[in-house]
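Visitor: I would like a close look at one part of this protein, a place where two helices pack. Please take the neighbouring details up afterwards.

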Amino acid sequence: MKIQLHNTLTNRREDIDPENRGKIGFYCCGPTVYGPAHIGNFRTFLLQDVFRRVLEMEGYEVNHVRNLTDVDDKTIRQSLAEGMSLINFTEKWTKKFHADCERLNMRPPHGEPTATGHIQEQIDLIARLVDQDHAYAAQDGSVYFRIASFPNYGKLSNLDRRETQTQTTSSSGERNDADEYDRETVADFALWKAHKEEDGENAWDSPWGRGRPGWHIECSAMSIKYLGESFDIHGGGIDLCFPHHENEIAQSEAATGKVFARHWFHCAHLMVDGGKMSKSLGNLYTLEDLIQKGHTARELRYLLVSGSYRQPLNFTFEGLNAAKSALQKIDRATAKLCESGGLDSEGFRELTPRAPTGEMRFFEKSRADLCRDLNTSAALGNLFSSLKKLNANPPEEKDALIALSELATLLAALGIEPEFTASSSDSEIPEEIQKLAEERWKAKQSRDWPTADQIRNDLLEKGWKILDSKNGYDVEPK
Ligand code: AMP
Ligand code: ZN
């Protein structure tokens with residue numbers, strides 16, 4: 001099936017049309033490894049993971065590269081504060097990041113290059129820019145990109161050209177060379193930063209003297225090295241659009257003369273309690289924080305991918321509880337379908353997700369939602385409707401097996417693995433509850449509505465819910 005995605009560069013939904021037929025180059029800006037990634041970071045990384053999985057579901061081969069920013073103001077500052085070498089410090093946080101990714105069931109990228117592992121590539125790229133007058137060395141040995149030399153500057157974030165010309169220095173007259181990307185002024189940005197005392201020993205030799213790369217150049221150098229000067233898709237959180245991605249485009253295209261990434265995929269932010277997350281507000285959660293509160297990585301994954309990537313998502317604990325119930329529904333519905341198909345949980349896990357050749361028979365709507373601009377929220381809605389239909393009218397074994405194979409494919413695209421607990425199966429419903437449900441059914445058959453309603457409420461109070469279908473009913477935990 002054709003896959004479409006909104007492209008920030010053109011502000012349109014466009015087909016993903018790989019440059020090398022079938023193989024897709026997908027670069028994602030990775031974490032800055034100076035502390036644990038927070039759940040906002042993971043919203044972006046998880047949606048990128050789902051997008052890659054959707055491409056793979058549809059039979060594309062993906063070359064997914066996600067870098068590790070292991071040298072910048074924050075990593076240096078923090079490693080020095082903790083008295084650790086930069087490498088030991090960033091390795092510690094990289095390990096933690098990998099452990100979180102694994103718990104969140106993310107597919108590891110095919111390449112995970114580090115900035116410190118690619119200093120020479122960054123110097124080479126800067127040298128190309130200096131040679132072509134797109135960059136200049138300042139007196140202290142720092143090198144800056146000359147924005148005025150790149151007329152297309154601002155095309156991704158729709159910056160006004162006049163704005164870029166009048167603000168090449170900050171209001172105080174100093175060049176703005178901070179790595180932090182939350183500033184809003186437009187300035188000639190640093191490609192190479194001359195060594196300063198506060199950098200400690202973290203400096204490398206270059207044609208312009210000792211120093212270290214600026215933040216933006218690493219992504220250009222590494223994406224070009226692993227995916228080529230032009231590649232298919234570049235992703236990140238919406239905050240990276242300006243200035244980071246704008247700068248990546250400028251320095252890459254100025255150096256190579258070619259279109260850099262053809263498709264830009266930005267994820268809207270995760271909010272907490274309707275506002276921005278921040279350490280000072282105490283609402284900047286990590287996976288670890290949530291696990292300590294009794295939640296699971298599976299629930300967090302579900303919650304973070306359940307909203308469409310183009311809309312901000314508001315994190316609340318109610319939302320996390322709802323994710324838990326939704327997952328239990330999927331677990332139970334899958335277990336029930338397994339009964340119809342004569343599969344046990346092991347049998348279901350062994351089903352290999354397959355690239356569908358034609359239309360899916362039972363889950364085509366969900367699949368189409370995922371392929372059409374990664375509409376995860378609609379895909380989940382349609383997944384529940386399809387499961388409900390299948391559970392209400394259990395199919396014959398042969399059809400159940402087809403449905404299960406499609407379901408396995410779709411759940412793999414979402415990265416959701418059903419859990420088959422004792423309560424997933426009907427036989428685990430307590431006898432008392434089964435009896436009450438039967439009584440209610442009889443009351444309903446004899447049109448004794450008040451009794452039927454009364455029993456339904458009693459059951460709800462006991463934590464069980466009745467779902468009526470055409471030919472009967474189901475009981476499931478509330
Ligand atoms: P960083 O480690 O700060 O470089 O960020 C890693 C990734 O997380 C980047 O793609 C950011 O755009 C993304 N990101 C940061 N904050 C949020 C948030 N609140 N919601 C979603 N993505 C975010
Ligand atoms: Zn980047």
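Which residues in H12 meet which residues in H14?

Guide: The model is a predicted one. On the H12 side, Ser366, Arg367 and Leu370 make the contact, and their partners in H14 are Leu410, Ala413 and Leu414. By class, these residues are 4 nonpolar, 1 polar and 1 charged.

Two packed helices are described by the angle between their axes and the distance between the axes. Helix H12 covers residues 364–371 and helix H14 covers residues 397–414; their axes come within 10 Å and cross at roughly 25 degrees. Because an angle under 35 degrees counts as roughly parallel, H12 is roughly parallel to H14. The crossing in which H12 passes H14 is left-handed.

The loop between H12 and helix H13 (376–392) holds aspartate 373. Most residues other than glycine have a negative phi. Aspartate 373 has a positive phi, near 60 degrees.

Two other helix pairs can be set beside this one. For helix H15 (residues 431–445) and helix H16 (residues 449–461), the axes come within 8 Å and cross at roughly 160 degrees. The cut-off for roughly antiparallel is over 145 degrees, so H15 is roughly antiparallel to H16. The crossing of H15 and H16 is left-handed. From H15, the contact takes in Ile433, Leu436, Ala437, Glu439, Arg440, Ala443 and Lys444; from H16 it takes in Trp449, Thr451, Ala452, Ile455, Arg456 and Leu459. The contact of H15 with H16 has 8 nonpolar, 1 polar and 4 charged residues.

The other pair is helix H1 (residues 39–57) and helix H9 (residues 297–305), whose axes come within 9 Å and cross at roughly 75 degrees. H1 and H9 are therefore roughly perpendicular to each other. H9 contributes Leu300, Arg301, Leu304 and Val305, which meet Ile39, Phe42, Arg43, Leu46, Leu47, Asp49, Val50 and Arg53 in H1. The residues of the contact of H1 with H9 are 8 nonpolar and 4 charged, with no polar ones.

The remaining details concern a metal site and a peptide bond. The zinc ion (ligand 2) has as protein donors Cys29 (SG), Cys219 (SG), His244 (NE2) and Glu248 (OE), at 2.0 to 2.8 Å. Along the chain, the donors are spaced as C-x189-C-x24-H-x3-E. Cysteine 219 lies in helix H6 (residues 215–227) and glutamate 248 in helix H7 (residues 241–256), so that this pair, 29 residues apart, links distant parts of the chain. The arrangement of the 4 donor atoms around the zinc ion (ligand 2) is irregular because they subtend angles of 71 to 130 degrees, whereas a tetrahedral site needs all angles between 85 and 135 degrees.

Helix H7 also holds proline 243. Most peptide bonds are trans. The bond joining phenylalanine 242 and proline 243 is cis, with omega about 0 degrees.

Technical notes: Residues numbered from 1 in each chain as written. Chains lettered and ligands numbered in written order. Predicted model: local features only at pLDDT ≥ 70, side-chain atom pairs only at ≥ 80, totals over all residues. Heavy atoms only, no water. Axes fitted to C-alpha atoms, helices over the stretch in contact; angles between N-to-C directions. Helix = DSSP H or I, 4+ residues; strand = E, 2+ residues; numbered from the N terminus. Parallel < 35°, antiparallel > 145°, perpendicular 65-115°, else oblique. Left-handed = near helix turned anticlockwise from the far one by under 90°. Contact = heavy atoms within 4.5 Å. Nonpolar A, V, L, I, M, F, W, Y, C, P; charged D, E, K, R; others polar. Donors = N, O, S within 2.8 Å, 3.2 Å for Na, K, Ca; no water. Tetrahedral: all angles 85-135°; square planar, octahedral: opposite > 155°, others 65-115°.
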